[in-house]
Amino acid sequence: MRRIDPQRFRIATRGTSRQINRQIALTLISSHEPISRADLARRMTPRRGAIGLLIQELLNDGHIVEGTTGQAPRGRKPTLLYINTHQRSSVAVDVRASRTFLVLADAIGRPRSRIISMPTPREPRRLVSALGRRIRGLLAEHPDSGKCEGVGIVVPGMVDHGTRRVLHAPTLGWHNVDIRDPLEAATGLPVQVENAGRACALAQVWEARHVAAPVRDLVFVSVSDGVGVGIVVNGELVRGRHNIAGELAHMPLSLDGPRCSCGAAGCWEAHISNLATLTRYFGRPPRAGDAGGHRAFTIDDLIARARGGDGKASAALQATARYLGLGLGAIVNILNPDCIVIGGEITAAWEAIEDAVRAAIGERALTPAAALADLVVVRAEDHPRLRGAAMLVSAPAFAAPVVA
């Protein structure tokens, strides 16, 4: 019997159907903009008078704007509708073990400011204090960004969907940590917290909303300081009974492998994270000053050395590619998704590692068709984790609620 999560539902009221229609209209306008009133009505199929009232309500609230006129074979040219991206914004925060990144985003998750970076304080109270200052400063620098609807934070760990507490973040050393409530108090803004891999999967589904045949089943694998995985099945994010579904970073590749941040040995993350790749290159964990002066040596530095002919750097990347492919092969066998999306800094070397990744998938895939899994690469410069964080705030305005 399928377990029903009561937190996903709320009791329907007289205004619920109207709210759902608003969200459907916003989703359709966002997916097909610019769109005319007539086209929107055809896609929604409500009464003509109802769609007129709904559009006027969205215009009055500032959710949409009227733009240019479209073409028509005869009669009056239609005025086209657009999502208003200027009157609402959000702050996206990507917390990693090494550094934390922030950006101001518009109403549909696109960046509206430069990306701010700072070292990540391991003590949660210090992190909240630093984030509060940065967020207030970011909003003060952009007074024309409209109303800030909230803050979306992605973290490298397991998050309780109801309380938004970080249950366990191995690379940060966190257990049962609440950063939402203190940050709401520090900023005066609503705060949403989510696992980084899940947020990336959410953003990927959102990006594909305008595709004629949208992907229903996908897995997002984010390779960074750690490894985050988000799973979407039949269009829904998979969380599991105890909010740990998708922690495939901690499936074992070898029982006597390197020690993982979670404390176990041989986890997938311990073989493919940026730290694992750099450790493989140096023969030890990386240290400050490895890049000269006080600067830390990064995965980007390693990729640059490999391109420059450093055989040891190339070997480290190829080993990571093989382990990445072995884990992806297991995902193909277990979930058989429509596609697997790969993000993280290592994607900058995709042209050098793709063959090794696919060969390793072929070793593990149980059928020839499965070995040809559709792999989609999201470049690090597209900042999928920040886009995922922004969508934690933006997406609820478009997604209809589950009601009972």
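## A starting residue

Ala304 is part of helix α9. The model you are looking at is a predicted one, and in it Ala304 has a relative accessibility of 46%. Is that residue buried, exposed or partly exposed? Ala304 counts as partly exposed, because its value falls between the 20% limit for buried and the 50% limit for exposed.

For a sense of distance, take Ser90 as a second landmark. Ala304 and Ser90 are 214 residues apart along the chain, and 34 Å separates their C-alpha atoms.

## The sheet around β13

Let us turn to the first of two sheets to look at here. Five strands make up an open sheet with mixed pairing, and their order is β15-β14-β13-β16-β17. The edge positions belong to β15 (236–237) and β17 (375–378); each has a single partner strand, so one side of each has no neighbour in the sheet.

Inside this sheet, β13 and β14 (residues 227–233) run antiparallel and are joined by six bridges. One residue pair to look for is Val223 with Val227, its bridge partner in β14.

Two helices go with these strands. Helix α10, spanning residues 311–335, lies across β13, β14 and β16, and it runs at about 160° to β13. Helix α11, spanning residues 350–364, packs on the sheet and touches β16 and β17. The direction of α11 makes about 150° with that of β17.

## The sheet around β8

Another open sheet of five strands follows the order β7-β6-β5-β8-β12, again with mixed pairing. Which strands stand at its edges? They are β7 (116–119) and β12 (191–195), and each pairs with a single strand, so one side of each is left without a neighbour in the sheet. From one strand to the next, the twist averages 20°.

Strand β8 (residues 147–155) pairs with β12 in the parallel sense, over five bridges. Within that pairing, Val154 has Glu194 of β12 as its bridge partner.

Helices lie across these strands as well. Helix α5 (residues 180–187) crosses β8 and β12, running at about 145° to β12. Helix α13 lies across β5 (88–95), β6, β8 and β12, and its angle to β8 is about 130°.

## The second largest pocket

Now for some open space: the second largest pocket has a volume of about 830 Å³. It is lined by 34 residues, and those closest to its centre are Ser98, Arg99, Ser224, Asp225 and Asn274. Several elements give two or more residues to this lining: β6 (99–106), β13 (218–223), α8 (274–282), α9 (299–307), β16 (339–344) and α13 (384–394).

How does the lining of this pocket divide by residue class? There are 14 nonpolar, ten polar and ten charged residues.

## The cavity

The model has one cavity of 30 Å³ or more. The largest cavity has a volume of about 190 Å³. Of its 24 lining residues, Pro156, Gly157, Val227, Gly228 and Glu269 are the closest to the centre. Val227 may look familiar, as the bridge partner of Val223.

Which elements give two or more residues to the lining of the largest cavity? These are α6 (196–207) and β14. Strand β14 gives the most, with three residues. By class, this lining holds eight nonpolar, eleven polar and five charged residues.

Terms used: Residues numbered from 1 in each chain as written. Predicted model: local features only at pLDDT ≥ 70, side-chain atom pairs only at ≥ 80, totals over all residues. Heavy atoms only, no water. 1 Å grid on protein atoms, 1.4 Å probe; cavity = no way out; pocket = protein on both sides within 12 Å on 5 of 7 lines; lining within 4 Å. Points joined across faces, edges and corners; volume = space filled by probe spheres on them. Helix = DSSP H or I, 4+ residues; strand = E, 2+ residues; numbered from the N terminus. Nonpolar A, V, L, I, M, F, W, Y, C, P; charged D, E, K, R; others polar. Pairing = 2+ DSSP bridges. Contact = heavy atoms within 4.5 Å. Axes fitted to C-alpha atoms, helices over the stretch in contact; angles between N-to-C directions. Buried < 20%, exposed > 50% of the residue type's maximum accessible area, 1.4 Å probe, protein only.
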